Amino acid sequence: MDVMNAFNKLDKTFKVLVIALIVLVVLVPIGLIASGTAFGEWGPDELQQAVGYVPTGLQQMTGIWSAPLDGYDLPGDHSTIPTQTPGYYVSAIVGVLVVGLIAYGIGKVIIKRND
């Protein structure tokens with residue numbers, strides 16, 4: 001079965017969701033030209049500077065987890081926007097797939113319980 005045939009068989013609401021996710025993934029590199037940091041991605045230093053306070057839990061948890069693609073960048077020296085873009089796309093696609101699979105799994109569990 002080809003991709004377009006499978007897409008045409010989807011529910012209308014799900015089609016809108018898929019199209020919206022594709023548009024968002026395509027627009028991901030806009031973050032490369034934005035100034036400052038992304039909302040909610042502050043480390044303790046940035047949070048201290050922005051609001052003058054760092055919660056104790058955040059201080060204790062700092063350094064426990066490091067992102068697989070730190071800074072949304074692939075390994076290597078990527079100092080220009082065109083060389084940083086693939087890392088943003090990989091991060092976006094992996095994120096959409098992980099969240100989608102988790103939501104799918106939760107949906108399956110809920111449906112199974114209701115049957």
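**Exercise 1.** In which crossing, left-handed or right-handed, does H2 pass H5? Describe how these two helices pack in this predicted model.

*Solution.*

Step 1. Two packed helices are described by the angle between their axes and the distance between the axes.

Step 2. Helix H2 covers residues 12-27 and helix H5 covers residues 81-114. Their axes come within 9 Å and cross at roughly 155°.

Step 3. Angles over 145 degrees count as roughly antiparallel. H2 and H5 are therefore roughly antiparallel to each other.

Step 4. The crossing in which H2 passes H5 is right-handed.

**Exercise 2.** Which residues of H2 meet which residues of H5? Sort them by character.

*Solution.*

Step 1. From H2 come Leu-21, Val-25 and Val-26. From H5 come Tyr-89, Ala-92, Ile-93 and Val-96.

Step 2. The residues of this contact divide into seven nonpolar, no polar and no charged.

**Exercise 3.** Describe the largest pocket: what is its volume, and which residues are the closest to its centre?

*Solution.*

Step 1. Rolling a probe the size of a water molecule over the atoms shows where empty space is left.

Step 2. The volume of the largest pocket is about 800 Å³.

Step 3. This pocket is lined by 27 residues, and the closest to its centre are Glu-41, Ala-67, Asp-70, Gly-71 and Tyr-72.

Step 4. Helix H4 (56-61) and H5 are the elements that give two or more residues to the lining. The largest share, three residues, comes from H5.

Step 5. By character, the lining of the largest pocket divides into 15 nonpolar, 10 polar and two charged residues.

**Exercise 4.** Which elements give two or more residues to the lining of the second largest pocket?

*Solution.*

Step 1. The second largest pocket has a volume of about 440 Å³.

Step 2. Among the residues that line the second largest pocket are Phe-14, Leu-17, Val-18, Leu-21, Val-25, Ile-93, Val-96 and Gly-100.

Step 3. The elements asked for are H2 and H5.

Step 4. The lining of the second largest pocket divides into 11 nonpolar residues, one polar and no charged.

How values were computed. Residues numbered from 1 in each chain as written. Predicted model: local features only at pLDDT ≥ 70, side-chain atom pairs only at ≥ 80, totals over all residues. Heavy atoms only, no water. Axes fitted to C-alpha atoms, helices over the stretch in contact; angles between N-to-C directions. Helix = DSSP H or I, 4+ residues; strand = E, 2+ residues; numbered from the N terminus. Parallel < 35°, antiparallel > 145°, perpendicular 65-115°, else oblique. Left-handed = near helix turned anticlockwise from the far one by under 90°. Contact = heavy atoms within 4.5 Å. Nonpolar A, V, L, I, M, F, W, Y, C, P; charged D, E, K, R; others polar. 1 Å grid on protein atoms, 1.4 Å probe; cavity = no way out; pocket = protein on both sides within 12 Å on 5 of 7 lines; lining within 4 Å. Points joined across faces, edges and corners; volume = space filled by probe spheres on them.
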